[in-house]
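Student: I have a model open on my screen and I'd like to learn how to read it. Could you walk me through it, feature by feature?

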Amino acid sequence: MTVVADSTPLIYLASLSRFEVLRSLFAEVVIPESVHREVVIQASGFPVRDCVQAALGVWITVRSVSEPAALPQLMREGRIHRAEAEAIALAAEIGARWVLMDDRRAVEQARGMGLSVLRTPMILALAAKSGMVRDLRRCLEQMREAGFWLSDAHLAAILKAVEEPK
């Protein structure tokens, strides 16, 4: 199954040393050029750079949006950044199963266009259900410590969904 990823899921999963769950869960991860620029070219010294570079051409592919002229309007309408707009446009264009992203505005914009969205906590939950992540609570707490906003209620709901005991 093909998915399109924005920067934040790649960054968080790499920083948690859980980047490989993407490869296990999805046959192909497509990233737009702006995401590649953010996580590889501009991310010097961050774990995401090495993770993405190692996967390029193997299970991560960089693609251009075929209608870049539509991006400014998408960015204005959703009040989102270029990489998010490219991820949404590319997901719609190629009929991706999911778009992987975390920013609230971008998620709303994608869902408003009829796209299915997976946020990083749910990617980890899928990996936990598949047995790839055995310490979901710790991963989610580490994300929160790194600045990811996840309410106690959402944390509890995710853990309950995968039936991880407290």
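Tutor: We'll take the sheet, then the helices, the cores, the backbone angles and the pocket.

Tutor: Some ground rules before that. This is a predicted model, so to speak of local features we need pLDDT of at least 70, side-chain atom pairs count only at pLDDT 80 or more, and totals for chains, interfaces and linings use all residues. Residues are numbered from 1 along each chain as its sequence is written, and side-chain values use heavy atoms, with hydrogens and water left out.

Student: Fine. What is the order of the strands in the open sheet?

Tutor: A word on names: helices (H or I, at least four residues) and strands (E, at least two) are DSSP runs, numbered from the N terminus. Two strands pair if DSSP finds at least two bridges between them. Here, five strands form an open sheet in the order S3-S2-S1-S4-S5, with parallel pairing.

Student: Why is one side of S3 and of S5 left without a neighbour in the sheet?

Tutor: Strand S3 (60–63) and strand S5 (117–118) are at the edges with a single partner strand each, so one side of each has no neighbour in the sheet.

Student: Which residues can I click on to see the pairing?

Tutor: Try Val3, whose bridge partner in S2 is Val29 and whose bridge partner in S4 is Trp98. Val29 in turn has Ile60 as its bridge partner in S3. Counting bridges, S1 and S2 are joined by three, S1 and S4 pair over three, and S2 and S3 are joined by four. S4 (residues 98–100) is joined to S5 by two bridges, and there Leu100 stands opposite Leu118.

Student: How many residues of S2 are buried?

Tutor: We call a residue buried under 20% relative accessible area, exposed over 50%, and partly exposed in between (1.4 Å probe, protein chains only). S2 is mostly covered, with four of its five residues buried.

Student: And how do I read a helix that packs against something?

Tutor: The general idea is that an α-helix has 3.6 residues a turn, so residues three or four places apart point the same way. Now look at helix H3 (residues 33–41), where Ser34, Val35, His36, Val39 and Val40 are buried. What covers them includes strand S1 (2–5), helix H1 (7–15), strand S2 (28–32), helix H4 (47–55), S3 and helix H6 (82–94). In H1, the buried residues are Ser7, Pro9, Leu10, Tyr12, Leu13 and Ala14.

Student: Which residues have the most contacts inside the largest nonpolar core?

Tutor: A nonpolar core is a set of buried Ala, Val, Leu, Ile, Met, Phe, Trp, Tyr and Cys residues joined through side-chain atoms within 4.5 Å. The largest one has 43 residues, and Leu10, Leu22 and Leu136 have the most contacts inside it. Helix H8 (residues 120–129) gives the most to this core, with five residues. There is also a second, separate core of 20 residues, with Val30, Ile80, Ala91 and Met101 among them.

Student: Where does Leu136 lie, and is it buried or exposed?

Tutor: Leu136 lies in helix H9 (residues 136–145), and counts as buried at 0% relative accessibility. The C-alpha atoms of Leu136 and Leu124 are 6.8 Å apart, with the two residues twelve places apart along the chain.

Student: What about odd backbone angles?

Tutor: Most residues other than glycine have a negative phi. Ser17 has a positive phi of about 60 degrees although it is not a glycine. Ser17 is in the loop between H1 and helix H2 (20–25) and is exposed, with a relative accessible area of 67%. Arg79 also has a positive phi, near 50 degrees. Arg79 is in the loop between helix H5 (71–78) and H6, and is exposed at 56% relative accessible area.

Student: Last one: which residues line the largest pocket?

Tutor: Rolling a probe the size of a water molecule over the atoms shows where empty space is left. On a 1 Å grid over the protein atoms alone, using a 1.4 Å probe, a pocket is an open set of points with protein on both sides within 12 Å along at least five of seven lines; lining residues have an atom within 4 Å of a point. The lining of the largest pocket is Tyr12, Asp102, Arg104, Arg119, Pro121, Met122, Phe148, Trp149, Leu150, His154 and Ile158. H8 and helix H10 (152–161) each supply at least two residues of that lining.

Definitions and conventions: Contact = heavy atoms within 4.5 Å.
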